[in-house]
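This report looks at a ligand and at the pockets of the protein that holds it. The sequence and the structure come first, and the account of the ligand site follows.

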Amino acid sequence: MTKVITVINMKGGVGKTTLSVNISYILGRYHSKKILLVDIDPQFNATQYLVGQNEILNHFENKKTVYDILMPSKEDEISLSSSRKKTKSQPINLDDYIIKARTFLLRNRVVGNLDLIPSSLKLINFETNKRGVENLLKKFLDEKCSHYDYIIIDCPPTLSLLTLSAYLASEYYLIPIKPDYLSSLGLPLLERGLEEYEELHGHSLKNLGVVFTMVSAGKVSEEIMTSVKTSGWDCFKDHSSHSTKVAKSIKSLNNFYSYAANKRYSEEFKSITQELLNKL
Ligand SMILES: Nc1ncnc2c1ncn2[C@@H]1O[C@H](COP(=O)(O)OP(=O)(O)O)[C@@H](O)[C@H]1O
Ligand SMILES: [Mg+2]
C-alpha cells in the first residue's frame, strides 16, 4: 500500500523542502523504496534541489507539472475520470508528469528510485472557482501512482487550495520546526487549520510528529524544543543540526551522503528517516 505523507508548516524557511528531499533520497537509496516526491510549492525549491536547471526548463517546455494535475486540460480531465471505462480518450500517461530524478542500483539492478512531479511558478496565483479541484491531486495519485511505496508532498507555507489538495491526498503529515521563537509561533496556527480541515472534510490525518531542523547549540533552541514537547507534541528523537554542509547538499546529494566530512549531518537525516519508517 502506498503511503502518502504531507510535509507541512505554516512558516517558510523552516526546512520543509530540505527534509522532504533528504527523506525521499534516503528511502530510495538506503531502503530501496520506490519514492515519488510531489512539489506543490510554487517556489519549486524541491524541484530545483533535485534536478538541474536545464532539465527543469526542458521539462517545463515539453511536459506537465503539478499545475496540469490541478488544472487539467479538457482532454486530460476526461481521461482521468473515465480511465476505468472503455472510452476513446487518450489515457493519462504518468511519464508526462514525472522527472526520474534518481535511480539507485545494486549490482547493476535498480533497487530504488526517486521520481519527482515538479511544481510550476504558474501556481503562484493559483485560484479557481472550479468545483472539486481540491480532489484532483488525490485522484491522480490514487489512480496513477499506486506503485510507489511512499509519496512525499512538499507544501508551501500557506493555507490554500494547494495545502488542502495535499491534506486530502494524504494519510500522514510531518511537521518540520526550526526552533526559534518566530518559527514556533506557527504551530498553534497549523493545529487550528488542521482541526478545521478535519471537521469540515471528515478526514483525519495521522500526525507522524515534529522534526526539529536547523538546530543550533544554545539556550534558545533547547528552550523551544522543550516547550514544544511539553505542550504535547510528539517529537522525533533525532533532529537535524544547523550546518552549511546541509544547505550545500543542494549542490549534490550524492556527495552529501558519500563524503565522510558530512557524516554527522547525513547520519541525522538517516536516523530521522529510520524513525519515520518505524512510525509508519
Ligand atoms: N540543517 C540546515 N542547516 C543549515 N541550513 C539549512 C538547513 N536546512 C535547511 N537549510 C537552509 O535553510 C533554508 C530554508 O530551508 P527550506 O528547506 O527551503 O525551508 P522551507 O521549505 O520550509 O521554506 C534553505 O536555504 C536551506 O538550504
Ligand atoms: Mg520549501
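Which atom of ligand 1 lies 3.0 Å from a backbone N or O atom of Gly15? In this model, which is predicted, the partner of that Gly15 backbone atom is an oxygen atom of ligand 1. Two neighbours in the sequence also make polar contacts with the ligand, and the table sets the three side by side.

| Residue | Part of the residue | Partner in ligand 1 | Distance |
|---|---|---|---|
| Val14 | polar backbone atom | oxygen atom | 3.0 Å |
| Gly15 | backbone N or O atom | oxygen atom | 3.0 Å |
| Lys16 | side-chain N or O atom | oxygen atom | 2.8 Å |

Taken alone, ligand 1 exposes 560 Å², and the protein buries 77% of that area. The shell around ligand 1 consists of 14 residues, of which Gly13, Lys16, Thr18, Ser241 and Ser243 are the closest. Two elements, α1 (16-29) and α10 (244-248), each give two or more residues to this shell, and α1 gives the most, with 3 residues. By class, the shell is made up of 9 polar, 4 nonpolar and 1 charged residues.

**The largest pocket**

The space that ligand 1 takes is the largest pocket, whose volume is about 440 Å³. Its lining counts 24 residues, and those closest to the pocket centre are Gly15, Lys16, Thr17, Thr18 and Met214. Lys16 and Thr18 thus appear both among the residues closest to ligand 1 and among those closest to the centre of the pocket. The elements that supply two or more residues of this lining are α1, α2 (45-50) and α10, and the largest share, 4 residues, comes from α1. Divided by class, the lining of the largest pocket holds 13 polar, 9 nonpolar and 2 charged residues.

**The second largest pocket**

Which residues lie closest to the centre of the second largest pocket? Of the 14 residues that line this pocket, they are Thr2, Val4, Lys138, Asp142 and Ala169. About 200 Å³ of space lies in the second largest pocket. Helices α6 (136-144) and α7 (161-169) each contribute at least two residues to its lining, with α6 giving the most, namely 3 residues. The lining of the second largest pocket divides into 7 nonpolar, 4 polar and 3 charged residues.

Taken together, α1 gives the most residues to the shell around ligand 1 and also the largest share of the lining of the largest pocket, whereas in the second largest pocket that place belongs to α6.

Conventions. Residues numbered from 1 in each chain as written. Chains lettered and ligands numbered in written order. Predicted model: local features only at pLDDT ≥ 70, side-chain atom pairs only at ≥ 80, totals over all residues. Heavy atoms only, no water. Near = heavy atom within 4 Å. Polar contact = N/O pair within 3.5 Å; in protein donor to acceptor, adjacent residues only side chain to side chain. Areas by Shrake-Rupley, 256 points an atom, 1.4 Å probe, with all protein chains shown as cover. 1 Å grid on protein atoms, 1.4 Å probe; cavity = no way out; pocket = protein on both sides within 12 Å on 5 of 7 lines; lining within 4 Å. Sits in = over half its atoms within 2 Å of the grid points. Nonpolar A, V, L, I, M, F, W, Y, C, P; charged D, E, K, R; others polar. Points joined across faces, edges and corners; volume = space filled by probe spheres on them.
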